[in-house]
Amino acid sequence: MTSARRRSYGVKGAPYAFLLPAVILFALFFALPIGYALWLSLHKVKVSGLGLGSGARKEVWAGIGNYTDALTDNELLDGALRVAGYGAIVVPVMLGLALVFALMLDADKVRLAPFTRLAIFLPYAIPGVVAALLWGFLYLPDVSPFYFVLDKLGMPQPDLLDGGPLYLALSNIAVWGGTGFNMIVIYTSLRSIPAEVYEAAKLDGATPLQIALRIKIPMVAPSLVLTFFFSIIATLQVFSEPTTLKPLTNSVSTTWSPLMKVYQDAFGKGDIYSAAAEATIIAIVTLVLSFGFLRAANSRNKQEAAR
């Protein structure tokens, strides 16, 4: 083999050599766990007799039995309904506040914009468990300063950790922690709009409100779609907040959300096979909803571009 041909093979093989570490990491920490979870979801344990002694517990093929049981499990379905109600509060409120804050920071005359931007974003830097603990103690009537002030003022003191208000309490934690991240995404998109667009609108007599509604918001629509997409995924995967608040109230069960049900089955009951099937179902639902939303958004963008 000539030196020129060796160099040719070396040049052609260089991209694959650079990709190899990423491929290995992807296979070890992503593809392999997913494949193992799918394998577990298609099996179950068969117990013989009292389940004592060697060979009394055997792993056997279950087919779609675990999936059938999961789809007819009332606890999993109830958890999905609770998460749907939770998401109906969190997503519109969080994205609405993020859009308003981004528009306010992008205004012509804003004082202390860097400090304000950092203050809004800072809650996102706090881990979800820590944020849930902080708000959880603020919700407890015995230790919360808010309840102390309400008591001194003679005002009613609602229990935010019981019944319907629990949804508002959990939603508040998510909104407080996630608004800053979404605001930064939208604000960055706003800053990329050419200044000539605003100048032309001002020459036409457009007010700041008209510029925001008719120029800024339509031009940052891709960022709004992206933040909505991330928010939906985060909502479907809610786990830290209700799990952290569970020791503080009896209103949060061990299966309050679908992921909590997966955790309880896997580590509480020791049934990793049913938990794997439930986790697979949650992943499929998340994938279908995400793909459907992105496809609908792309279709709408193509229709608007064709006009």
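**Helices H5 and H7, and the cores**

Modeller: In this predicted model, the axes of helix H5 (residues 128-139) and helix H7 (residues 165-191) come within 10 Å and cross at roughly 140°.

Colleague: Why are H5 and H7 called oblique to each other?

Modeller: Set the angle against the cut-offs. Roughly antiparallel needs an angle over 145 degrees, and roughly perpendicular covers 65 to 115. H5 and H7 cross at roughly 140°. The pair is therefore oblique. H5 passes H7 in a right-handed crossing.

Colleague: Which residues in H5 meet H7?

Modeller: Ala131, Ala132, Trp135 and Tyr139 in H5 do. Their partners in H7 are Ala169, Asn172, Ile173 and Trp176.

Colleague: How do the residues of this contact divide into nonpolar, polar and charged?

Modeller: There are 7 nonpolar, 1 polar and no charged. Asn counts as polar, because it is in neither the nonpolar nor the charged list.

Colleague: Which residues touch the most other members of the largest nonpolar core?

Modeller: Tyr86, Ile173 and Trp256, in a core of 21 residues. Helix H3 (74-105), H5 and H7 each supply at least two residues of this core. H7 gives the most, with 6 residues.

Colleague: What does Ile173 touch, not counting residues up to four places away in sequence?

Modeller: Ile173 touches Ala131, Ala132, Trp135 and Tyr139. Glu241 and Leu245 are also on the list. Contact here means heavy atoms within 4.5 Å.

Colleague: Which residues does the second core include?

Modeller: Leu99, Leu103, Tyr198 and Ala212 are among them. This core is separate and has 17 residues.

Conventions. Residues numbered from 1 in each chain as written. Predicted model: local features only at pLDDT ≥ 70, side-chain atom pairs only at ≥ 80, totals over all residues. Heavy atoms only, no water. Axes fitted to C-alpha atoms, helices over the stretch in contact; angles between N-to-C directions. Helix = DSSP H or I, 4+ residues; strand = E, 2+ residues; numbered from the N terminus. Parallel < 35°, antiparallel > 145°, perpendicular 65-115°, else oblique. Left-handed = near helix turned anticlockwise from the far one by under 90°. Core = buried A, V, L, I, M, F, W, Y, C linked by side-chain atoms within 4.5 Å. Buried < 20%, exposed > 50% of the residue type's maximum accessible area, 1.4 Å probe, protein only.
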